[in-house]
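The exercises below are meant to be worked with the sequence and the model side by side. Each one sets a task and then gives a solution in steps.

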Amino acid sequence: MTEVKLSSAERVLFPDDGITKGDLFAYYERVAPVLVPHLRDRPFTMKRYREGIAGDGFFQKQAPKGMPSWIETRRFTTHPRDGGAREVDFPLVNSKEALLWMVQMHCIDMNAWYSRVDKPGRPDFVLFDLDPPDEPDGFAQAIEVAHLIRELLDELELPGYVKTSGADGIHVVAPITRRSTFEQTYDFAESASRLLESRHDGLVTTEWLKKKRRGVLVDHRQNGWGKTIASVYSVRPKPGAPVSTPLHWDELTPDVRPRDFTMQVALRRLDEHGDLFAPVLEDPRPLAPAAKALTKLG
């Protein structure tokens with residue numbers, strides 16, 4: 001394995017904060033031991049910001065020419081929105097060096113599939129992606145909804161774990177054994193979201209169109225083959241360089257805000273708490289009993 005050489009370390013990626021490519025590289029070097037296990041063997045989509053967050057980022061699924069040979073790839077057929085099919089060689093971020101190479105290529109956040117290459121059709125978790133309304137108390141509403149999701153998952157005996165998305169929302173993740181299909185995780189997330197919508201009308205919504213929404217969108221549509229999520233411990237391309245940070249449920253209080261969790265805060269929390277998302281990798285539960293119990297609640 002070769003050492004990854006960082007170029008343009010002084011390039012400012014976050015202009016309002018003076019945060020450089022070198023700062024980002026140093027953070028990911030520190031966080032790699034806990035982050036890489038969450039990315040390992042998952043097809044990886046590069047989201048590159050050559051001009052920093054002030055410029056336009058772009059997605060790149062195909063491993064770029066010139067990528068080091070020691071970064072493995074796996075080929076999958078994708079179906080672009082404009083139709084047809086395309087064979088794509090996805091990189092795998094299976095080492096600290098591969099992670100740092102992605103930073104060298106101007107990836108700010110790390111986006112990977114919900115499934116791994118040996119069972120690409122079998123996700124490791126169900127995701128509840130919470131999108132708060134554009135209101136002064138919108139994020140506080142999202143916090144309330146996150147706790148409602150946790151209560152429902154507890155009712156179904158399917159533990160949920162929470163993290164800030166690092167952007168504007170909240171992610172609740174329920175780790176599952178790799179027996180269920182994406183269709184099953186989608187259906188489960190949709191049924192759970194619609195049940196909460198019926199129980200808490202005006203606070204929870206599944207309405208995709210923003211102009212028709214009332215409350216916090218619980219977006220079950222993010223459960224699908226080939227979808228990606230910004231990984232836990234990812235720095236997000238937002239002012240202040242906030243990090244997608246896992247929390248204890250009792251820490252998710254109404255005053256929490258995503259921008260509170262900087263790179264320094266994320267590293268300090270790792271020292272204090274360890275990886276709060278370790279159970280997502282280590283303690284999956286079967287989805288079928290929870291799905292069966294959910295149908296009885298509906």
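**Exercise 1. Locate Asp219, decide whether it is buried or exposed, and list what it touches.**

Step 1. Asp219 has its place in strand S12, where strands (E, at least two residues) and helices (H or I, at least four residues) are DSSP runs numbered from the N terminus. Residues are numbered from 1 along each chain as its sequence is written. The model is predicted, so that local features need pLDDT of at least 70 and side-chain atom pairs count only at pLDDT 80 or more, while totals for chains, interfaces and linings use all residues; side-chain values use heavy atoms, with hydrogens and water left out.

Step 2. Asp219 counts as buried because its relative accessibility is 4%, given that buried means under 20% relative accessible area, exposed over 50%, and partly exposed in between (1.4 Å probe, protein chains only).

Step 3. Setting aside neighbours within four places in sequence, Asp219 is in contact with Asp129 and Trp208, contact meaning heavy atoms within 4.5 Å. A polar atom of the Asp219 side chain also lies 3.1 Å from the backbone nitrogen of Arg221.

Step 4. In a regular strand the side chains alternate between the two faces of the sheet. Along S12, Leu217 and Asp219 point one way while Val216 and Val218 point the other way, and all are buried.

**Exercise 2. Work out the strand order of the sheet that contains S12, and identify its edges.**

Step 1. Two strands pair if DSSP finds at least two bridges between them. The result is an open sheet of 6 strands with mixed pairing, in the order S11-S12-S8-S10-S9-S14.

Step 2. The edge strands, each of which pairs on one side only, are S11 (204–205) and S14 (246–247).

Step 3. S12 (residues 216–219) pairs with S11 in the parallel sense over 2 bridges; in these, Val204 has Val216 as its bridge partner, and Thr205 has Leu217.

Step 4. S8 and S12 run antiparallel and are joined by 3 bridges, with Leu130 standing opposite Val218.

**Exercise 3. Which strands does helix H3 touch, and how does H3 meet H4?**

Step 1. Helix H3 (residues 138–155) packs on the sheet, where it touches S8 (125–131), S10 (170–175), S11 and S12, and its direction makes about 10° with that of S10. Axes are lines fitted to C-alpha atoms, for helices over the stretch in contact, and angles run from 0 to 180 degrees between N-to-C directions.

Step 2. The axes of H3 and H4 (residues 182–199) come within 11 Å and cross at roughly 120°.

Step 3. On the H3 side, Leu148, Ile149, Leu152, Leu153 and Glu155 meet Phe188, Ala192, Leu195, Leu196 and Arg199 of H4.

**Exercise 4. Explain why S3 is described as largely enclosed, and find its partners.**

Step 1. All 5 of the 5 residues of S3 are buried, and therefore the strand is largely enclosed by the rest of the structure. Both faces are covered, with Phe44, Met46 and Arg48 on one side and Thr45 and Lys47 on the other.

Step 2. S3 pairs with S7 (residues 111–113) in the antiparallel sense over 2 bridges, and Thr45 has Asn111 as its bridge partner there. S3 is also joined to S4 (residues 58–60), again antiparallel, by 3 bridges, where Met46 stands opposite Gln60.

Step 3. For the loop between H1 and S3, take Arg40, which has its place there. Arg40 is partly exposed, with a relative accessible area of 38%, and, not counting residues up to four places away in sequence, touches Val93, Asn94 and Arg116.

**Exercise 5. How many residues has the largest nonpolar core, and which element gives the largest share?**

Step 1. A nonpolar core is a set of buried Ala, Val, Leu, Ile, Met, Phe, Trp, Tyr and Cys residues joined through side-chain atoms within 4.5 Å. The largest has 49 residues, and those with the most contacts inside it are Tyr27, Tyr28, Leu99, Met110 and Val235.

Step 2. Elements giving two or more residues to this core include S1 (12–14), H2 (96–104), S3 (44–48) and H5 (263–273), and the largest share, 9 residues, comes from H1.

Step 3. A second, separate core has 37 residues, among them Val126, Phe128, Val256 and Leu294.

Terms used: Polar contact = N/O pair within 3.5 Å; in protein donor to acceptor, adjacent residues only side chain to side chain.
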